[in-house]
Each structure stands twice: as C-alpha cells, then as structure tokens.
Amino acid sequence: MPITNNRLTADQYAENFSDIHPPFETKDAALTEANRCLFCYDAPCMKSCPTSIDVPKFIKQITTDNVKGSAHTIFVSNILGAGCSRVCPVEKLCEGACVYNFMEEPPIQIARLQRYATEKAMESNWQLFDRKPSNGKKVAIVGAGPAGLSCAHVLARSGVEVTIYEKESKGGGLMTYGIAAYKVTPSFCEDEVNYILGVGGIQVRYNQTLGKDFTLSDLQQSYDAVYLGIGVGLARQLHIPGEQLNGVEDAITFIYNLRDKGFASVPVGDRIAVIGMGMTAIDAATQAKRLGAEKVIMVYRRTENEKPCTQEELDIALLDGCEVIWLAAPKEIIGENNQVTKLVCSKMTLGEPDASGRRSPVDTGETFTLDVDMVIKAAGQTPYTDIIQEANLLNQDGKVSVTQGAITNIPGVFAGGDCVNGGKEVVDAVQAGKDGASAILEFLKVS
Amino acid sequence: MADISSSFLGIQSPNPFWLASAPPTDKKINVLRAFEAGWGGVVWKTLGSQVKNVSSRYSAVNFGAKKMMGFNNIELISDRPLALNLKEISECVRLFPDRAMIVSLMADNNRKSWHELIKQVEDTGAHGFELNFGCPHGMTERGMGAAVGQDPEIARMVVEWVMEAATLPVITKLTPNVHSVVPTGKACVEAGSNGLSLINTIQSVTGIDLDTLVPNPYVDGKSVFGGYCGPAVKPIALKMLTTIAQNPVTSKVPVSGIGGVSTWKDAVEFMLLGASNVQVCTAAMNHGFRIVEDMCEGLNNWMDEKGFKKLEDFIGKSVDKITHWEDLDINYHHVANINQDKCIHCGLCYIACEDTSHQSINLAYGKPYNTYTIKEDECVGCNLCQLVCPVNECITMVEKRVAPEYLNWKEFQKRGLPLNDH
C-alpha cells in the first residue's frame, strides 16, 4: 500500500486515539488515591513543578470535599492545570519527586488527581477568579499558546485589557496543534482556552501572523506593553540528500495535520522511519502506528541512556509496536520517481560529552539501509529567527534573550516560553507567562 | 501451641472472644453463623421490656480513607417476642454446647419484673446473665439502662434483686456515661454481682449532614444521641477498665472487656489491663464474623512468642504499669533520632515540631529533598515527630537519662529542684 490515508475504520481510530491516561471513573477512586497523600511539608512534588502548584494542598482539598478549592489551588499557580494534568511528563516532575518513591511504593497519581479537580471545574464552569476593575492599561500578547494564555490571565485579573494575536484559527498553541491526540483532544484544548478566557478582559484575534498581518512596532504604538509568546515553529532540517523527496515530512506538520484535519485524512506509509527520540518523535511514531502504519522504526543517533524523552514515553512507543534503532544517524534518503524508498543511516558510537553533558555521537563510517516509504523528521524545532532579528530583539541563535525571566532588550517588550527557552514543556511555558505578567505589571506600575 | 480456652466465672469457651450483646446476637441465625465462624461465646441481645425500634439506626465516623473508625446506634433492646428469643437461645445452646451463652437482661425497674425474667431465661440452658445497666438511649428515658448504671444506689438495688433470683453467674455491664465507672462497679460487686463487663456505648453525635443540616443518624428530619463504639472508643474503654482493675473491690471479680476490640492485639491489650476475656461488636458488624479467625491465630502466635501457655499467664500484667503522674521518673529522658537512610523527606516531623511543639528539628533546604535532623539539646522527647512519621522505625526515641537515679515529682519538690527550666 502506498502512502495513504483512511486506513482504519472509525471505531479503530476512536480506540487507537482514546485517552491514554483515563481519569478516575468515580469520586471513590479519586478519594482512595487522594487519601494516600501524606501532605508533605515543603513538598518535593511542589518544588518539582515548574509552576509550583501546591500539590499537597489541592489533594487534601479533594479529600475534604472541597473540589472547588482544590481547582482554585491548581489554577492559581497554573491556569493550564487541566491541560498540564494530561500532558506533563510527571514522571520526571511532581510524581517523580513523590516521597513514596523512597518507600518503593507507587507515587501519588498527582496528574490524575489534578485532572479530577480541574475537569470538574471546567465541566461546571466554575469561574474561580475575579477581575480587578479595569485600570486602563492595554497589553498585546503575540501567541495564544500556554505562555500567552498564562500571561494574559494574570494580566486580565489585574485589570489590564489584553489583546492576543494568534496566527492559527484556535488558541492553545502546541497544546492544540502539537501533542498526541491520545493525551489531549483538540476539542478539550478549545474548551480549556474558553475556560481561561472566561475570566474576561481578554480579546483574541485569530489568524493574525506577526510579520505578515502586523509588526511589533504596530503593537508598540497601540499598547502599553507587548508580550511575545510566539513559540518555536520550524522543524529542524536534516541537511542530507533526499530530504525534498515526497514522503519526507516533519513531525510538527504531521501532528498538526492529524489534529487539525482529523485522523482519517492524514496519510501514512506502510514502513515509516521517525528520526529523533524527543517527545515529539514519540508522539509522531506512536500516532503513525495508530493511524495504521505497518512498521514504524525510530532512529536515534545516541543510546537509550541519552534519550531526551522519558522512559514512560518510550514505553508507549514500544508497546505500540514501534521499533527503535539506537546509534543510527540519517545519512541519505533514496527515492524512486521522487518517492521515498530507502533511508541510509550511519552507524554511530559514543564519544566525549558535548555541551549538553551527554556523550556525543561519532560516525563509525559504517552504514545500513532501511526500506521505508515515509520518513518523519523529529530532530527538534528551530526558533523564528527571521521574525526575531527583524524586530531587533537581542537573541541567541534565534532564542530571545531576556533578563529576570521576561524582559527583552526593547523597553516595553517582554517574551517567554519556547521562543525564549528553545522549546520546553507546556508547564514551563505557563510559568514563563506568569513571570512575564509580573514583569509587565511592574513595568506598568500596576499592583 | 498456647491454650487460648477461657473460663469466665466457670463458663467455658474455646477462646476468649465473645460477641457483645448487640444486633449480631439478636437471632438464632446470626448466633449460629457466629459459632460456625468460631466465636467462643455470645451475649444474647438484651431481653426485657417490649420495645419498638425506629428505622435508620446507625451512623459512623470515617477518618480519611478508613470507614467506621467510630460507630453509633440508636437501636433499643431486642424487639422480638421474648418467647421466640428464649426458644432460639435453647436451640443455640443445644447445637453448640461448647460455646458460652450469656443472656443480656434489662427488665422494667421493679423486683418482680427482674425475678420473672430471670426465671424464664434460666430455663433455656444459658450459662449466665449480663445486666444491661448501660444502654444510653431510649431505655434511659424509661428508667432503665444507663439510668440504672449512672446511679450506684439504684444499680446496687437492682443487682440485689437479681441475686435473689439468679442461680447462674451474673455479670453487670457498666455504662461509661459517668465521671467514673468505679462507684457503680463497686456497688454492683458489693451487691453480689459475680463479674463486671465494660464499657457500654458512649452518648454521641457522629456528625451532621451539611446539606440537610440534620445530624446522623437521620430519622425523618431529626436525630438523637446514639451510643458510640468502635475503634475510636478503645482508649477510653482501656482507661475505664484500668480503674476497675486497680480498685480493691472491683478487682476481685472477673471483668469482660468491651469497647472497640477489633483485632487480637486489641484483645491482648484489654486482657493485659485486667480483662479475663473480651466482647466484640463493631468489628464484626464492619467485616463479618470471619474476623475471629485471625483473632484466634494472632493471639495464639503472640502467646507462643512470649512464652505464655494459657490466658491467665498474661491477664492483668500491665495493670500495675499504669501509675500516678507524681510517681513517674522525672530523670527519665529520651530524644528523637531520625534515621537518614529511612527518611523519605516528607517533612511531617519538622512541621509538627516547628508549628506545634519545641522547634527541635533542623531543616536544611534541598531541591527537591530537604534534610531533617534533631536538635538534641532542644528536644523534650515528646514523641510527636515519631507519631507523625509515616515510615516504620525511621524516628526512634533514644534514652538519655538526666541522672541515673529514680526521681519522682514528690521528691523533686522536696528537694526544691528548678521548675519551668525548659
């Protein structure tokens, strides 16, 4: 079968993309888990959360039948707490730090409890925050992703009038367009965005692209401050022969299409090579398999010890039947009739540690060839360097340089999230948005 | 294997575990199931004056994930015909001759009623009586139950009536709804009661429904005080038992211990404080009669490990270990020690000590794990950190005597030693 869409029945798609971490079915189930929590002091879980959610407090509040208070405790630190409960790599954050790990006992299911409280809040549309009266200040935010939404929510609560410019037709950023559908559905993301906007004082202008529909100086003229939460968007190129062949796609586009156009309309091949071993590579590989690809081979240039994804993520891929070839770097893509047929890989070995502290891959000179009809590139994303340079923003390799977490070299212009850090977790972007908001409030002298 | 058979006032049972007078002992079907499960004896649910029960009779106190930490009821004595109860008691005695059959009684408050009731029950083949002077609800308003047990002189009078008619051993069950169980216990023993049992249930309100604002148990928009029992009352029962075991009059008679006994360990504790056997209700109502299996096995294993061959070898062994505060050794001192290899860094010891005790735990911040160590010079040895620590044997209390010799409060005062020095 060539690269083709519509490989499965509607039921198969539904099953393959159903919730990978289902919520607690009942209040009793949530209570049983919540009651396990020891209510640690200066809790390691809280300290391991980039947004510092008071985890013991919100769990305790579930046990006392104060779910509304629990949701408030979560949202006050992380307004995307509902989405984060589904997408956070908790095994290396809160749950990874849970003291139960020292007892060789399963950690508290913090994410699932967080989902329990936040889902209830969203379903019931509990609006848990009051807006201060408008103080006449106006702030523009570019990007309705996690950083922009988080920043907007804090500003709106403080009485600022916020306008978000978003290049897509929906908010949520990578939550909406860049994460495996079995973690969050596009419709959930839409609900979450609407729930966040429910605080009031935030206007979103969709289909507005920076550099095309408006410029940074436009915003500087019309607003008291500007926050850039534009993320990273461009897939890193492999720079190898054959990259332009049909059947070579980047993971960002692949996942974007899958979420934007629906499962059945996304074509996949029979034998797919996925380049990379980050979270996005995993999301692309597992979803290619779940779309009906017969064979998915993940190719990574280092070993399992250096992999950027978590073990839990890798396990999802392995359980989905994806194969992994370690110490293999793509060297050339070969095609027939402009269509991918083979991927040639270099066999690598590990050398000295590089800047990341991980041992760097070194080419052994040997190669091997995989018969594939599709190659998905997930070798990382690059910043919007052009936009950033045009705006005269101080940057490092396209990543906006900031001080105090959010202040750029241009007075009144702030930035945060992936466009500053180069691409981290949703929860990191949420914190960046909070940091940006407090820097802006200080700049505007709003208390 | 130790011998766990019990003889209480000459009433034999294969183990010291009786079911208390309560709903589980109301009918033949329950009692036969209990005997089949292995219970050593039962105290049949109280017979006496004719009553009518309401629907909705029980409520509970849950604690965290644990249900029924405490339990209360507003049920009255048996609401079945006396003749039916008597017939079923006879049948149970005949089918299980090796088990103890005690019948709980609560007659109308006059000599004639008591004499008639005793006569009828003696014909069943039961082995003894337990006088219900403790029921805290429903019957008290009619001058029975706790209304008798709360007044030593009335209790004395009723026991005297009973002893005039009874040929079987008589146990008097005491109410805890008094400032001390000793006066009534003493009066009953002086009036001839052969044994005592305690405690009956404690008057209580278990909670309120925060939607309806009606306390539990809900009876058509109203509630009443119910009798509280279950694991929550055990410490109170043990204290009251100790006062009976330490009194020169009441300690002369055997005591059946009641109040939150759920496991063999609870039973051992009651027996160490002077109970010859124990009675169980709430634990069975929570889990069914099968709990007696582990009660027997656990008791047996513990006795083997401790080298006790029969129950009498350990009954009462802790009674003299509860003393007066002024006799405690002031020179005894211990301090907490945190085993860093076992510590899981939950900080519960720290925050408990820092907020509510003596600021004796040092915190060294780490990300994400803090390190907690004891400030030995500050530690008064209160035990709080050890109590809140979720890890077994992580925090231990290490003895550090102030001085080698025994020094009690009386002597301390006599010597004019410094006060308020911490």
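**Helix packing in chain A**

Q: How are α2(A) and α4(A) oriented to each other?
A: This is a predicted model, in which local features need pLDDT of at least 70 and side-chain atom pairs pLDDT 80 or more, while totals for chains, interfaces and linings use all residues. Residues are numbered from 1 along each chain as its sequence is written, and chains are lettered from A in written order. The two helices (DSSP runs of H or I, at least four residues, numbered from the N terminus) pack at about 135°, between N-to-C directions of axes fitted to C-alpha atoms over the stretch in contact, on a scale from 0 to 180 degrees. This angle is neither under 35 degrees, over 145 nor 65 to 115, so α2(A) and α4(A) are oblique.

Q: How far apart are the axes of α2(A) and α4(A)?
A: A30(A), L31(A) and A34(A) in α2(A) meet I59(A), I62(A) and T63(A) in α4(A), contact being C-beta atoms, placed from the backbone, within 7 Å. The separation of the two axes is 9 Å.

Q: How many residues of α8(A) are buried?
A: Buried residues have 20 or more other C-beta atoms, placed from the backbone, within 10 Å of their own. Among them in α8(A) are L113(A), Y116(A) and A121(A), and their cover includes α2, α4 and α5 of chain A. α8(A) is largely enclosed by the rest of the structure because the buried residues, out of 14, number ten.

Q: Which residue just after α8(A) takes a positive phi?
A: α8(A) covers residues 110-123. Just after this helix, a phi of about 50° is taken by N125(A).

Conventions: The expected span of a helix is 1.5 Å times one less than its number of residues. A residue is buried if 20 or more other C-beta atoms lie within 10 Å of its own, exposed if 12 or fewer, and partly exposed in between; C-beta atoms are placed from the backbone. Two residues are in contact if their C-beta atoms, placed from the backbone, lie within 7 Å.
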